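Dear colleague,

I am passing the structure on to you below, and after it you will find my notes on what turned up when I went through it.

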Amino acid sequence: MQLETVTVGQLDTNCYVVFDEESREAIVIDPGDEPDKIRAYIDARKLRPTYIIFTHAHYDHVCAVRELKESYQAKIVMHEAEAQTYEATKIRCMSWGYDDDDFPPPDLAVKEGDEVRIGKACFRVIHTPGHTPGGICIYGENLLFAGDTLFRGSVGRTDLPGGNMEHLRQSLKKLASLDPLTRVLCGHEEETTIGIEMRSNPFMHSL
């Protein structure tokens, strides 16, 4: 299993491309912007994206989805509780000049415990509301794709529509139970581990 971070957009969102080396099947996580940049990486390695996963549906994590969907016919995956956030993002982006067609509906509405597989690898959905109602983390292969739930030394903001600090605390408790050596691939900035955050992140340390 291999992964690459493709940093995109004005907010430097980490879009992750995870792929199985034998089958060349891939997952694209949080394609927030710059679809040509993401496709260049995929095409250069002859990958076959089968899933496009939103950890949550804020604009900086979804705005390249149409181009990737059209290029690869990959299934769009989003938590079942994230529909309202996605609709609000669409309305906001259309006011900036995007089209309705730029935000295709999800193909799979997932929930806690659902699994996504590529090649021999299996990734599990962890529902982590708090930043948004339908926020998720994707866990497998000793990797946690955390979206904007957990950052190195911090957590996602809860003052936006749908945010809830108490829900976020409960979500962090779920993550605290993971192996301390789990690599945490954050939605922005550098990666970390569960162990590092349990020791040094005030939001995790106080759980």
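In this predicted model, strand S8 (residues 121–127) and strand S9 (residues 136–140) run antiparallel to one another and are joined over four bridges. Within that pair, Arg 124 stands opposite Tyr 139 in S9. Helix H4 (residues 165–176) packs on the sheet and touches S8, S9 and strand S10 (143–147), with its direction making about 150 degrees with that of S8.

The sheet itself is open and consists of six strands in the order S7-S8-S9-S10-S13-S14, with mixed pairing. Its edges are formed by strand S7 (115–118) and strand S14 (192–193), each of which pairs on one side only.

Turning to the pockets, the largest has a volume of about 510 Å³. Its lining is made up of 20 residues, of which His 58, Arg 92, His 131, Leu 160 and Pro 161 are the closest to the centre of the pocket. Helix H3 (residues 83–94) supplies the largest share of this lining, namely five residues, and by class the lining divides into eight nonpolar, eight polar and four charged residues.

The second largest pocket holds about 160 Å³ of space. The residues that line this second pocket include Val 8, Gly 9, Gln 10 and Leu 11, as well as Asp 33, Asp 60, Trp 96 and Tyr 98. Its lining comprises six nonpolar, four polar and two charged residues.

With best regards

Technical notes: Residues numbered from 1 in each chain as written. Predicted model: local features only at pLDDT ≥ 70, side-chain atom pairs only at ≥ 80, totals over all residues. Heavy atoms only, no water. 1 Å grid on protein atoms, 1.4 Å probe; cavity = no way out; pocket = protein on both sides within 12 Å on 5 of 7 lines; lining within 4 Å. Points joined across faces, edges and corners; volume = space filled by probe spheres on them. Helix = DSSP H or I, 4+ residues; strand = E, 2+ residues; numbered from the N terminus. Nonpolar A, V, L, I, M, F, W, Y, C, P; charged D, E, K, R; others polar. Pairing = 2+ DSSP bridges. Contact = heavy atoms within 4.5 Å. Axes fitted to C-alpha atoms, helices over the stretch in contact; angles between N-to-C directions.
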